[in-house]
Amino acid sequence: MSEHHTSRERRPHGRPARWTAAAGAAVLAAALLTACAGTDSSSASPATGGGKASGGAGCAAGATPLTFWGWSAGYDLAVKKFNQTHPGICVKIENAGAAGDEYTKLTDALKAGSGTPDVAQVEYLEVPSFVITKSLVDLSQYGVSSVRKDFAPVAWSQVTQGSAQYAMPVDLGPLALYYNSKEFAAHSVQVPTTWAEFATAADKLHAADPKAAITNFDPVSAQDVLALMQQYGAFPFSYTGGATLGIHFTGARQTAFANFWQGLIDRKEVTTTADFSPAQWADFDNGADASRLSPAWGPVGMQGSIKKTIGDWRTAPIPTVAPGQQQSGNWGGSTLVVVKGTPHAKEAAEFAQWFGASADSWKILSGSVGGAFPGYLPLLDDAEFQATTLPISGTDTPNKVFAQAAQHMQSPQWPPIMTAALTKWTSVFAGVTKGSETLPQAFAAFQQQMVAYAKDQGFTVTEG
Amino acid sequence: MTHIPASRPRGLGRRGSTRQWPGAVFITPHMLALALFMLVPTVYAVYDSLQTTRLIGGTHFSGMANYRAVLHSAEFWEGVRRVLLFAAVQVPLTIGLAFLFAAAFDAGIVKYSRFFRTVFFLPFAVPGVVAALMWSFLLLPGFGPYAKLADGIGLGHVDFFSSRMILPTIVVIVLWEWTGYNVTIIYTSLKSVPQQITEAAIMDGARLGTIILRLKLPMVWPTITMLFFLNTVGALQLFTEPSILAAFQPQSVSFGFTPSLYVYNTAVGSGDYNLGAAAAVVLALIIGALSLGAFALRRRRGEFA
Amino acid sequence: MSSPAHTGRGSRRARKQGAADHVPIHLYGLRRGTVTVLTLICGAFAAFVLAPIAWLAINATKTQANVYGTPGFWFARPFHLFQNLSALGRNISGAGVYLQWLGNTLLYAAVAGLGSTLLSALAGYGFARFRFRGANALFYLVMSTLLVPITSVALPLFLVYARVGLVNSVWGMILPSMVSPVGIYLMRTYIDASVPADLINAARMDGASETRIFVQIVLPLTVPGLVTVLLLTVVAVWNNYFLPLIIFSRSRLYPLTVGLSSLSRQAETGSKAELVPVLITGGLVTVLPLIVLFLFLEKYFRGGALQGSTTG
């Protein structure tokens with residue numbers, strides 16, 4: 001026999017217990033039903049397109065409906081503004097997850113052939129990956145290139161292949177040296193202008209305080225590393241569309257880059273903490289990391305995550321390879337793409353253009369909620385914008401330096417296999433963080449994996 | 001303790017043999033749902049696994065090529081080895097601990113046992129996602145209170161996310177999540193052991209340890225084997241905890257950290273559905289083979305009901 | 001121990017004597033201090049269990065900078081709990097609204113829980129009290145689905161959904177959650193044990209229809225089993241992460257698990273908004289309803305509802 005034979009007889013208070021239980025179950029069921037009745041009605045309305053869908057408030061009857069996948073802060077507000085000023089179009093924003101999560105969903109929906117949005121937010125680095133699967137509408141046919149003159153060249157060149165334009169650029173993330181001025185002053189460290197000076201400053205700082213590192217370098221953060229490689233003139237991919245792809249993690253420039261950072265890691269002059277982890281914020285706040293190679297959108301987020309050093313952070317151009325050079329790299333930034341299969345490509349293109357290149361849109365996107373950094377020149381060059389101050393930086397004006405950096409970037413050529421590259425990157429580069437392999441070794445291993453993958457996918461690969 | 005006599009339902013069958021068709025009707029709704037939501041996708045996965053899709057060149061039938069790739073993937077097998085090791089440590093630990101707690105509660109040799117039983121059970125209410133998030137914060141190097149505690153009591157700088165510690169860390173998290181649930185089930189099972197048997201054993205001079213291990217443990221053994229089965233299947237499918245930890249410390253959790261992560265990262269992360277589907281089929285077959293083996297063993301011992 | 005009545009008598013006697021539900025412990029002849037030591041061990045484990053939840057509660061009252069910059073197990077000024085709570089009702093950083101996710105989760109758990117309980121009861125009864133062609137094979141088929149990893153099923157399921165319009169549909173989440181091998185196993189075992197075949201046969205003799213027998217005889221006798229299945233399914237849906245992760249692309253439809261993890265990803269990829277306290281507060285609010293539920297139903301769990309779930 002087994003226990004359940006006795007379960008009913010054995011219970012100390014047979015019947016009452018059952019009643020309690022039944023009553024409990026009834027209460028539970030009732031509670032859940034009430035709850036779901038509540039949600040049902042509220043969630044049903046947007047799904048059926050009626051009522052006030054988020055961002056869709058105030059749409060006129062008969063307006064062309066567009067679904068827009070986007071995740072960045074403030075995008076919903078910009079959409080609202082668009083709907084108010086464009087009565088013929090009704091954009092509904094949906095959050096399908098941030099970055100990688102959204103690309104996954106978009107890829108899945110494209111594969112499934114249903115459920116794709118009309119417009120989607122896609123970072124620069126992923127645009128070619130969607131171009132190669134023929135998933136994006138060429139926007140040049142809708143006259144969008146008329147706003148080309150309003151954009152930093154680095155933004156525009158990342159969204160075009162030949163004469164085709166596959167995305168509307170929105171924001172950028174140019175890098176600058178964001179440093180803790182008190183920490184630098186305490187150890188009489190001069191702000192470095194070249195990487196050689198940077199290494200000297202790192203030596204000096206670490207010698208003065210063995211617990212201090214000049215900055216953090218997270219090998220696992222692909223976007224961070226690739227931005228630094230771009231800035232160093234060591235961007236590891238070359239691609240201009242089609243079936244030929246260059247992968248160069250083991251070239252001379254790349255090896256020099258890897259050796260430079262591995263040296264700093266070996267001497268414990270940089271930390272290798274995960275980007276955006278609590279530990280990293282703590283390091284910035286307690287002097288363990290004296291500077292950050294920060295993208296333009298970095299300081300606002302940092303401000304809410306640190307405490308003690310608010311007011312101490314200053315901005316300087318990122319060090320360069322040669323003296324007197326002006327060269328930055330780009331970390332992050334998004335575009336809007338129009339997804340193939342949309343029945344409203346023209347309206348979608350109109351929305352995308354407004355979103356990336358209008359004063360109305362940028363007023364919201366660069367505002368206190370959005371905090372996006374423009375690739376849009378009218379704002380980038382705006383004196384008021386450049387004079388903006390932040391509590392974390394005291395009287396400093398970070399935007400001035402970042403705006404300058406945005407004008408001095410070589411355009412990276414993203415490979416069309418970026419999703420796989422990002423997924424594989426973590427595993428390969430983890431060993432550098434753990435100290436079980438060096439950065440040059442990781443580059444070599446990654447080169448091998450990427451080449452194998454690209455060949456598997458049918459590409460002709462050039463190396464070196 | 002014997003199992004449900006296998007002859008009983010059959011005997012009933014003979015008696016009511018004129019009225020057997022309603023049985024098929026009663027199971028139909030569930031079988032329909034099962035067919036639509038488990039079998040159809042499974043068949044689809046098998047179909048998918050026999051194709052290959054390239055970015056340049058499109059999709060073509062490729063037979064067993066994906067299976068060969070999975071079987072030759074060192075990363076996949078490393079994940080399989082890891083979850084086997086994980087299961088081998090975590091399952092006996094959880095159930096052993098749960099049995100000891102349950103036995104102590106059952107014997108009444110712990111004060112406030114009601115309070116403890118309730119507290120132990122609470123993590124069952126915490127979704128794996130939330131549990132992993134909480135523990136990530138607690139253990140993060142340089143920030144987590146536990147990491148600092150380890151530092152403070154002289155253990156030195158313990159990185160709970162390092163390649164050596166990450167698996168033990170997940171064991172602790174899963175132990176935290178599931179011990180109480182297992183305690184509750186074993187305790188309930190122990191409660192159904194008649195008191196006279198215990199009393200008689202005491203009269204014979206048996207000590208408490210003997211009573212628990214020699215008398216009660218065999219009586220709740222069917223419960224424990226079932227728990228072993230459920231916990232092991234869960235352990236082999238490990239996904240949520242490492243994938244949430246990966247959000248905090250990407251370097252700690254590799255592409256194929258567990259077979260489920262390998263499937264996810266291949267199919268979803270890298271967009272190679274075909275290879276992912278093949279890996280999923282292989283994983284299901286491994287788990288199926290292990291369970292069938294276990295069942296066959298139990299059946300031989302006459303433990304299976 | 002073949003007779004159920006045997007044990008029944010035992011406990012009844014114990015009850016009559018008004019004794020505790022265990023053998024008086026002095027009979028074991030334990031060494032002095034044993035109880036204290038064991039109680040301390042349990043106390044330590046209780047601390048291990050409660051500490052993370054306490055951490056969650058404490059840090060739900062902090063600002064992001066304080067979460068990062070002050071001791072984890074103590075409070076810090078400013079007291080930010082109410083701001084964090086109110087953030088749960090707003091769309092922070094475009095990631096979605098926590099309260100919406102909570103509502104969704106309740107909906108999915110309730111409908112799938114009730115549906116699964118009904119299907120399991122029907123099927124469990126069918127398997128327990130009828131012999132029909134292929135019954136055994138089908139039962140093993142049901143049980144074998146326990147072995148199929150959800151990671152294997154979810155993706156093809158999504159592709160199938162795409163063909164039938166179930167992507168971004170609440171039914172796409174609810175219907176698969178109604179498939180519950182454990183539920184069927186439980187109900188089959190429970191009905192085997194607690195619904196006497198003779199009773200059913202007698203009802204048939206009296207001319208009762210099969211439906212009536214099921215509704216009026218079988219269901220009332222299996223209420224504890226039903227509640228157990230309901231609870232297990234509710235918890236399973238409440239905790240489900242992978243399926244909704246794959247099938248939903250609208251944050252409006254997310255359950256809590258996917259919502260919170262998307263929030264955490266957003267927090268970990270350098271969002272400008274202060275998401276971490278929202279995440280922590282959201283975690284706390286996710287956990288509390290189930291804890292309260294369990295405290296209320298705890299007696300019920302002890303009462304043996306879970307027993308059937310594991311007896312072989």
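**Exercise 1. Determine how many residues chain C and chain B each bring to their contact.**

Solution. Chain C supplies 98 residues and chain B supplies 103 residues, two residues being in contact if their C-beta atoms, placed from the backbone, lie within 7 Å. On the side of chain C that touches chain B, the largest share, 13 residues, comes from α2(C). Helices here are DSSP runs (H or I, at least four residues), as strands are (E, at least two), numbered from the N terminus. By class, that side of chain C has 63 nonpolar, 26 polar and nine charged residues. Ala, Val, Leu, Ile, Met, Phe, Trp, Tyr, Cys and Pro count as nonpolar, Asp, Glu, Lys and Arg as charged, and the others, Gly among them, as polar.

The model is predicted: local features need pLDDT of at least 70 and side-chain atom pairs count only at pLDDT 80 or more, whereas totals for chains, interfaces and linings use all residues. Residues are numbered from 1 along each chain as its sequence is written, and chains are lettered from A and ligands numbered from 1 in the order in which they are written.

**Exercise 2. Describe the length, bend and buried residues of α2(C).**

Solution. First, the length: helix α2 of chain C (residues 34–59) has 26 residues and reaches 37 Å from its first C-alpha to its last, close to the 38 Å expected at 1.5 Å a residue. The expected span is 1.5 Å times one less than the number of residues.

Next, the bend: α2(C) turns by about 35° at C:Leu50, with the proline C:Pro52 following within four residues. This angle is taken between axes fitted to the seven residues ending there and the seven starting there.

Finally, C:Pro52 is also among the buried residues of α2(C), which include C:Leu38, C:Val49 and C:Trp55. Buried means that 20 or more other C-beta atoms, placed from the backbone, lie within 10 Å of the residue's own.

**Exercise 3. State how domain 1 and domain 2 of chain C meet.**

Solution. An automatic or database domain assignment gives the bounds: domain 1 is 24–87 and domain 2 is 93–309. Taken over C-alpha atoms, the centres of these domains of chain C are separated by 30 Å. In the contact, 13 residues of domain 1 meet nine residues of domain 2. On the domain 1 side, α2(C) gives the most, with four residues. That side comprises seven nonpolar, five polar and one charged residues.

Technical notes:
A residue is buried if 20 or more other C-beta atoms lie within 10 Å of its own, exposed if 12 or fewer, and partly exposed in between; C-beta atoms are placed from the backbone.
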